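Me: I would like to go through this model carefully, with each term given its cut-offs where it comes up. Could we take it as a series of questions?

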Amino acid sequence: MQITRRGFLTMAGAVGGGVALSSLGLNLNPTRAYADELSKMDRIKIAKQVTTICCYCSVGCGLVCSVDKATGKIFNIEGDADHPINEGSLCAKGAGFFDLTEANKHRLTKVLYRKPYGTEWEEKDWDFALSRIARLIKDTRDKGFVKRNDKGEVVNRCESIGHYGSSNIDNEECWLVTAKCRALGMVYIDHQARV
Amino acid sequence: MTNHYCDLKNADVILIMGSNAAEHHPIAFKWIMRAKEKGATIIHVDPRYTRTSARCDLHVPLRSGTDIAFLGGMINFILEKNKYFKDYVLSYTNASFIVGEDFNFKDGLFSGYDPKKRKYDKATWVLEKDGNGIPKRDMTLTNPRSVFQMMKKHYSRYTLDKVSSITGVSKENLLKVYEIYASTGVPDKAGTECYALGWTHHTTGSQNIRTMSIIQLLLGNMGIAGGGINALRGEPNVQGSTDHAILYNVLPGYLKMPAASLDTLEAYLHKCTPESKDPQSANYYQNYPKFFVSFLKSYWEEKATKENEFGYSWLPKMEDGKHYSTMHLFDRMYAGSIKGFFAIGADPAVSTPNSNKVRKALQNLDWLVGENIFNNETYEFWRGPGVDPTKNKTECFLLPAAATMEKEGSQSNSGRWVQWKYKAAEAPGDALPVGEIEIKIMAAVKKLYEKEGGPNAEAIVNLKWDYLNKQGHFDVIKVAQRINGVFLEDTVIEDKAKKTKTEFKKGQLVPGFGNLQADGKTAAGNWCISGSYTAEGLNKMASRGKEDPTGLGLFPNWAYAWPVNRRIMYNRASCDINGKPYNPKRNILEWKGDKWVGDVPDGPWPPQADKEKGKYPFIMKQDGLGALFGPGMVEGPFPEHYEPLEGPLAKNPLSSQRMNPAAEIFKSDMDKVANASEKFPYVCTTYSCTEHWCTGALTRWQAWLLEMQPELYVEIGDKLAKEKGIKNGERIKVSSIRGEAPCIAMVTKRFKPFMVEGKEIHQVGMPFNYGWLFPKDSTSDSTNMLTPTVGDANTFCPEYKAFMVNVEKL
């Protein structure tokens, strides 16, 4: 027997609760799912509410993350009803926002390194990555650095390193990315604004 | 956007062209529907019938790449039928200016063209000035050399017959759209336009938008509630990433990236600071030196002194006339001269045109650094289709990043609202915010230069880079305040008009860009955003006030809108020259006695009827007026129709210039083109869907979304499908001269053939949300295997929206 949540509510009202239903030999999974939902509602009431902004298109819809105060984990994300643009509503992607959190098993959680001619990623730590990347940047930059162009004008350009991205990071991060690229003398700098 | 999302509800007519708002900006579409509920007419002009079309009053299909022809016909209609808003056109645009006598236009080319360089010398694209250096004007608009008459002549060639034959739109449909839209050329009606990548992804992308801007100026729709030109941008912070200039050609706040020939700060500032002799032009960019010097101070603070030109020589200089966009970047990487590459929060192996070339290019790298929350095709190019990892030398790093809700910071939407976000949870495992990764990489580089030195090491060693907090993590507030600006010395600011003097202490935040100084007393990372904090340190981006005093949805106390919390750009043009609203029912601004009341005005000056103190409304323009004649564009001051790089026609029906004469042509052995070819007879366009975002680099990893849109398909009209014997759901092959894309055929009635120059032309369309890496069982790859390396002549946005393919059964 298939049972929807709405159907269950109607039936539950009619016969007086889940316990009675189980004695009728019904599949209890929807009941449990609904009970989970109810407990989630309770958890949301006592959760820490943290606002954020959607990370897909540029409408800038508001969302509210419910964070479990004991574990510090996000357990629910929904549209921010106070937000003047989306007024609580979200599109399909925004409604699935929770799947961007650590609950998604595909999230990257380790520094990964692939050595030249390697066939797999290896896990590394931040110290290794930062020092190795800094060394590569310096060697590549210094080797290819263009101090003056053919006309003899001072140009201070690093043409051997390129940068791409991102319009999917915060303003303060964008500003830092730009500052890094310009201080290194890079000119091949671009991101999604042009695609 | 000149306006903002909630403002769409104020329009009487909305033209959606170059966008499928219902599917790609569903929440924006809610505001379009609000307008419709109040009686607005909504028009969708698009090659395909979509869910947007289904909710509009009118859907008009047009052949991809012919928007300028369509809109040029509308300009012709407006001018011929006298539908333009005369008062506005006379007072607020350069219609009355006189075009220099050496300027001309013949057979698709403007004066000054050099076919070898594919570039114009713009020396003749000028407006005449009188003895005092003030633009000459003919307020009767009858002078044959006036902008108005020159424009009228230019667009008289865009007749209904001609436009219909180019675009494939019936004359009846053309007239319907023209009449409905032109009905807004009166004081109490507002028309707006919503576009997206459907306009920018063309070799004529910028001119598509400019053509519409001309229409908006002619109809008096610019600067008003429910009006403007509204880009529905496709990435969450693409407004902010553009403002902060992760771009080769600009610095933060749209300051110009210096070229090699500008070898001193003085030469640079002289070139970049416009001058106006007209006392009524505010010419706001006369403040350019204040913005630029404050920017240099934000990088190199005390090391940037007057003596060393505030560090100007440390900035890299572009080669004059050379470009460094994504397509150039991969072209050079393919040629082997780019050795190291950062790909942050992006998947260019899927998103860049001519993906085969891009993936070959990546194999030439010595090293690659990726920063992201999920893996993608760019980071794993070394084991992509046809690549043997044991033969690839590239050293690769994939650094785990915090997701958006795991970090604090601001994000700017298309309506220029800079909104503050808070951190809800810790990022998993070793993941860090991109900002922190970037700070730490650069700090490590800095150490190496401090120890070892190197070419132009000053730029790196002297860089102010103290953005970690005491715990060693990203101090986002410190960066946000650096962007806003700070006083580096005690400073007294004198306002001569108000006769006030305000004293600011060293270390206080700059309360707005009007306070920035050209002598090194202030540092501001981005002048546009200056004012996002108060001098006392209150973060206005975090404001959550819901007051709406005008009832027009301005929400002045929600977040911070740049510039200066102005919600509608050019808003002084919503009033007549005496400062009275053209439309009192949608009053966003009004001159009352001695001040403006309403939205934050484009400057405090009185309206322009006050000949002594009044200013024109378009204060960022040198002449203060809306530019119907726009010499800033590389392919001409009046937009002209050209065919795409790859199209179905051997000849442009309007002139002998088939494609945009100023668009750069890439010439590597992988940049093949097949125009008007029998082998590739169908026009193809690309688009997204509601469930995926861009390359799918975030959304393909989410089971719920992937289940709804699992794999690549090509949408084919039923007539073409019948001709080719292709059935709905069948696996087929789409190919261009550059590559192939196997996918599922989706046969619908939503694409109809076009009658173009007497020939039946079919168009097909494909989503761009897929790659080879995930889902694991996918047999499809990126649609960009098919697209050409060519872009808009001004911006280098690739031409993803019109190219030629074949479709065939497997």
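What follows is a set of questions and replies on confidence, sheet, domains and core.

Me: On what conventions does the model rest, and what is the average pLDDT of chain A?
Reply: This is a predicted model, in which local features need pLDDT of at least 70 and side-chain atom pairs count only at pLDDT 80 or more, while totals for chains, interfaces and linings use all residues. Residues are numbered from 1 along each chain as its sequence is written, and chains are lettered from A and ligands numbered from 1 in the order in which they are written. With pLDDT being the predictor's confidence in each residue, from 0 to 100, 84% of the residues of chain A score at least 70, and the chain average is 88.

Me: Over which residues of chain A is the pLDDT below 50?
Reply: The stretch concerned has 20 contacts in the model beyond near neighbours in sequence, where a contact requires C-beta atoms, placed from the backbone, within 7 Å. The pLDDT is below 50 over residues 1-21.

Me: Which strands of the open sheet in chain B stand at the edges?
Reply: Strands here are DSSP runs (E, at least two residues; helices are H or I, at least four), numbered from the N terminus, and two strands pair if DSSP finds at least two bridges between them. The sheet has 5 strands in the order β3-β2-β1-β8-β9, with parallel pairing. Each edge strand has a single partner, so one side of it is left without a neighbour in the sheet; in chain B these are β3 (58-60) and β9 (229-231).

Me: How many bridges join β1 to β2 in chain B?
Reply: Strand β1 covers residues 13-17 and β2 covers residues 41-45, and the two run parallel. One of the pairings sets B:Val13 against B:Thr41. The number of bridges joining the strands is 5.

Me: How far apart do the C-alpha centres of the two domains of chain B lie?
Reply: The domain bounds, which come from an automatic or database domain assignment, give domain 1 as 5-231 and domain 2 as 682-809. Their contact takes 22 residues from domain 1 and 28 residues from domain 2. The C-alpha centres lie apart by 29 Å.

Me: Which residues have the most contacts inside the largest nonpolar core?
Reply: A nonpolar core is a set of buried Ala, Val, Leu, Ile, Met, Phe, Trp, Tyr and Cys residues joined through C-beta atoms within 7 Å, and buried means that 20 or more other C-beta atoms, placed from the backbone, lie within 10 Å of a residue's own (exposed: 12 or fewer; partly exposed: in between). The largest core has 253 residues. Leaving aside neighbours within four places in sequence, the contacts of B:Ala28 include A:Val59 and B:Leu232. The residues with the most contacts inside this core are B:Ile14 and B:Ala28.

Note on methods
Contact = placed C-beta atoms within 7 Å.
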